[in-house]
Amino acid sequence: MTQSETRLEGILLDEGLTVTFSELTQLCGSNTRMVSLMVTEGLLRPQGALPEEWRFDGLEVRRARRAVRLRRDLKLNIAGTALAIDLLDEIEHLRERLRVLEHQLGQRQARPIR
Amino acid sequence: MEYKDYYKTLGVARDATQAEIKRAYRKLARQYHPDVSQETDAEVKFKEINEANAVLHDPEKRAAYDALGSNWHAGQNFRPAPGETHQNVHFSAEEMAEFSEFFSSLFGREFRADEQGRQRRRGQDQTVRLPIDLEEAYRGGTRQIRLDVPELGADGRPRMRTKTLNVRIPAGVTHGRQIRLSGQGTPGVNGGPEGDLYLEIEINPHRLYSVEGKDIQLKLPIAPWEAALGASVSVPTLGGTVNLKVPAGSHSGQRLRLKGRGLPGEPPGDAIVVLEIVTPLATTDDAKAAYREMAERLHFNPRAEMGV
């Protein structure tokens with residue numbers, strides 16, 4: 001085993017990041033046909049009308065990468081992929097709500113005088 | 001190297017039909033897919049399932065594996081006999097880089113003779129979860145992470161290397177966001193470019209706060225008289241203590257918003273204070289007397305709405 005050490009500045013995939021059609025294609029290791037298909041299916045919602053004007057934010061990058069992997073690994077068709085991605089997003093959102101609510105529900109009882 | 005029991009990995013009998021193997025693999029693949037599974041070792045598990053399937057789903061490769069005999073068990077020290085490497089089965093370079101040492105010792109020779117020196121391939125992207133504390137998400141900072149990365153040695157066999165990275169965590173990062181580190185994924189094959197590394201932020205549960213996006217939520221205990229009469233109370237936020245005016249006539253569950261006191265950003269999140277009226281226990285004579293006086297003077301029936 002060898003070791004190496006580096007100090008790194010990453011790129012945060014958030015709402016502030018925008019990538020083009022070809023950048024997105026590269027980031028998800030896919031092809032333009034697949035990315036267009038995901039846009040047509042409504043799985044990705046870029047800004048801009050024409051493919052050369054399309055801009056995707058960081059959250060779309062994550063969705064696209066996830067979609068490409070799920071489609072490939074589980075042999076899903078595009079509609080099934082879109083459904084899985086929407087459901088996964090919803091589950092994530094619900095889990096977050098659940099965490100907040102569970103936190104809020106924590107102990108409600110009388111306390112000793114201090 | 002360790003012997004791998006591929007049948008055990010897929011949870012099927014050694015005499016399982018190809019249909020049974022396919023069914024078992026498909027089910028496990030859905031269950032442990034790293035994009036679906038919540039399990040922390042999903043990535044490793046998924047890889048093992050794929051390796052087992054790569055061998056067992058193909059009758060020819062399965063026969064080669066079966067030829068090792070059934071006396072081995074998982075984890076046992078395994079050394080292939082000379083000539084036991086299989087000549088006439090084909091795997092892609094990607095599969096070879098991904099799978100275990102056991103796998104490549106078994107099926108490696110053909111691949112090396114056939115493809116090495118020809119195909120340049122980009123390394124795989126890797127996604128790793130990175131748990132951080134809420135304070136770290138608020139302030140940002142540098143985080144050291146250690147990764148075991150597979151690489152192809154000079155002999156064409158995969159081996160593990162420990163890589164240490166110091167990564168900047170941007171202030172205001174939220175749960176589930178990914179940080180992309182270009183070129184820090186799996187090394188390329190035959191001089192191909194490296195894959196990328198994606199760190200997925202997970203914010204650890206916090207004693208005081210829960211987080212929703214950039215908003216942080218805090219349950220703030222207040223005394224009944226503070227709720228009834230109004231009060232100015234201290235609230236701990238991530239950026240320090242602030243004063244909050246609790247309006248007269250407040251109730252449990254009421255939400256008060258401290259604008260911009262959540263996680264930083266453009267715009268920053270808010271701190272949402274949820275009031276919770278906490279009653280003091282009547283453990284002293286004084287406290288008992290005060291409660292009795294309230295009972296006598298307030299004529300309060302908390303169950304009036306229920307008609308009882």
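Start with the open sheet of four strands, which run in the order β2(A)-β4(B)-β5(B)-β1(B) with mixed pairing. The model is predicted. Select β2 (11–13) of chain A and β1 (126–132) of chain B: these stand at the edges with a single partner strand each, so one side of each has no neighbour in the sheet. Direction ignored, neighbouring strands here are turned by 30° against each other on average.

Next, display β2(A) beside strand β4 (residues 178–181) of chain B. The two pair in the antiparallel sense over three bridges. Which residue of β4(B) is the bridge partner of A:Leu12? It is B:Ile179. Then add helix α3 (residues 58–74) of chain A, which packs on this sheet. Helix α3 touches β2 of chain A as well as β1, β4 and β5 (197–203) of chain B, and its direction makes about 75° with that of β2(A).

**The cores**

Now select A:Leu44. Leaving aside neighbours within four places in sequence, its contacts include A:Leu24, A:Met38, A:Phe56, A:Glu60 and A:Arg63. A:Leu44 also belongs to the largest nonpolar core, which has 53 residues. The members that touch the most others are A:Leu24, A:Met38, A:Leu44, A:Phe56, B:Leu10 and B:Tyr65. Another core, of 39 residues, lies apart from it and has B:Ile201, B:Ile216, B:Ile222 and B:Ala227 among its members.

**Between the chains**

Colour the two chains separately. Here 43 residues of chain A are in contact with 56 residues of chain B. The chains bury about 4,400 Å² between them, 48% of it on carbon and sulfur atoms. On the chain A side, pick out A:Leu8, A:His103 and A:Arg111, which lose the most area to chain B and together make up 14% of what that side buries.

**Domains of chain B**

Colour chain B by domain: domain 1 (6–120), domain 2 (126–203) and domain 3 (209–298). The centres of domain 2 and domain 3 of chain B, taken over C-alpha atoms, are separated by 41 Å. At their boundary, eight residues of domain 2 of chain B are in contact with ten residues of domain 3 of chain B. These two domains bury about 720 Å² between them, with 80% of it on carbon and sulfur atoms.

**A second sheet**

Move to the open sheet of four strands β6-β7-β11-β10 in chain B, again with mixed pairing. Its edge strands are β6 and β10 (255–258) of chain B, each pairing on one side only. Strand β10(B) pairs with strand β11 (residues 271–277) of chain B in the antiparallel sense over four bridges. Label B:Leu256, which stands opposite B:Val273 in β11(B).

Go to the other edge and select B:Ser210, in strand β6 (residues 209–212) of chain B. Is B:Ser210 buried or exposed? B:Ser210 is buried, with a relative accessible area of 5%. Not counting residues up to four places away in sequence, B:Ser210 touches A:Arg99, A:Val100 and A:His103 from chain A, and B:Asp215, B:Ile216 and B:Gln217 from chain B. Now show helix α4 (residues 78–105) of chain A, which lies across β6, β7 (215–222), β10 and β11 of chain B and runs at about 155° to β6(B).

**Last stop: a hairpin**

Finish with strands β8 (residues 231–237) and β9 (residues 240–246) of chain B, which pair in the antiparallel sense over seven bridges. The two form a hairpin with two residues between them. Within this pair, B:Pro236 has B:Thr241 of β9(B) as its bridge partner.

Methods. Residues numbered from 1 in each chain as written. Chains lettered and ligands numbered in written order. Predicted model: local features only at pLDDT ≥ 70, side-chain atom pairs only at ≥ 80, totals over all residues. Heavy atoms only, no water. Core = buried A, V, L, I, M, F, W, Y, C linked by side-chain atoms within 4.5 Å. Buried < 20%, exposed > 50% of the residue type's maximum accessible area, 1.4 Å probe, protein only. Contact = heavy atoms within 4.5 Å. Pairing = 2+ DSSP bridges. Axes fitted to C-alpha atoms, helices over the stretch in contact; angles between N-to-C directions. Domains from an automatic or database assignment. Buried area = accessible area lost by both parts, 1.4 Å probe.
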